[in-house]
Amino acid sequence: MHNLNSTQTKTTMASQLDSHYNQTDLFGWERTKLTFANDPNGFFEDPTQILNSGKGICVQWSEVYVSACLTLGYQSRLVAAVDTSTWSYIHVWAEDYYNGTWVHVDPSDRVWNQPSRYQSWDWGNAIGSTVRVYAFEDGAYQDVTSSYSPR
């Protein structure tokens with residue numbers, strides 16, 4: 001997960017984006033560029049390489065989405081659900097700073113502002129115990145588990 005906000009990546013991304021796109025327009029754009037693949041072998045972490053390959057799982061979809069948002073001047077960050085017993089990620093999505101608050105965005109599933117959706121997934125009942133949720137932005141991270149755990 002690197003190069004999301006680099007000048008080189010932004011230049012490459014800008015050449016593929018309509019400068020008038022809003023965050024939800026990026027869902028449609030991304031669907032024309034990527035296909036979801038279940039086998040993560042051979043996947044890239046750089047948004048430009050991901051776009052060139054044309055495929056990815058949740059990580060790649062989220063990296064491209066966040067990078068596209070940053071290119072267009074929207075504040076966006078990667079979010080990962082992490083199994084703390086093995087320190088491996090379970091699922092990755094994004095959050096956009098929208099109307100003064102962070103909003104859940106899952107580009108691989110094309111879902112906007114449904115943070116409780118993961119509670120019904122097989123790992124969802126462990127959110128807040130062995131599963132923690134972290135948001136990554138500008139080289140820093142923040143524990144945002146409470147935004148995704150049952151209330």
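Buried means under 20% relative accessible area, exposed over 50%, and partly exposed in between, computed with a 1.4 Å probe on protein chains only. The model is predicted: local features need pLDDT of at least 70, side-chain atom pairs count only at pLDDT 80 or more, and totals for chains, interfaces and linings use all residues. Residues are numbered from 1 along each chain as its sequence is written, and side-chain values use heavy atoms, with hydrogens and water left out.

**Exercise 1.** Find how many salt bridges the model holds, then place the pair R77 and E95.

Solution.
- Rule: a salt bridge is a side-chain nitrogen of Lys or Arg within 4 Å of a carboxyl oxygen of Asp or Glu.
- Count: this rule gives 4 salt bridges.
- Pair: R77 and E95 form one of them, at 2.6 Å from N to O.
- Place: R77 lies in strand β3 (residues 76–83) and E95 in strand β4 (residues 88–98), 18 residues apart, so the pair links distant parts of the chain; strands are DSSP runs of E, at least two residues, numbered from the N terminus.
- Burial: R77 is buried because its relative accessibility is 5%, and E95 is buried at 3%.

**Exercise 2.** Which residues are linked with R117 in a network of salt bridges?

Solution.
- R117 meets D106 in a salt bridge of 3.4 Å, N to O.
- R117 sits in the loop between β6 (111–112) and β7 (131–137), while D106 belongs to strand β5 (residues 101–106), 11 residues apart.
- R117 also bridges to D109, with the closest N and O atoms 3.0 Å apart.
- The network therefore links D106, D109 and R117.

**Exercise 3.** Are D106 and D109 buried or partly exposed?

Solution.
- D106 has a relative accessible area of 0%, so D106 is buried.
- D109 has 31% relative accessibility, so D109 counts as partly exposed.

How values were computed. Helix = DSSP H or I, 4+ residues; strand = E, 2+ residues; numbered from the N terminus.
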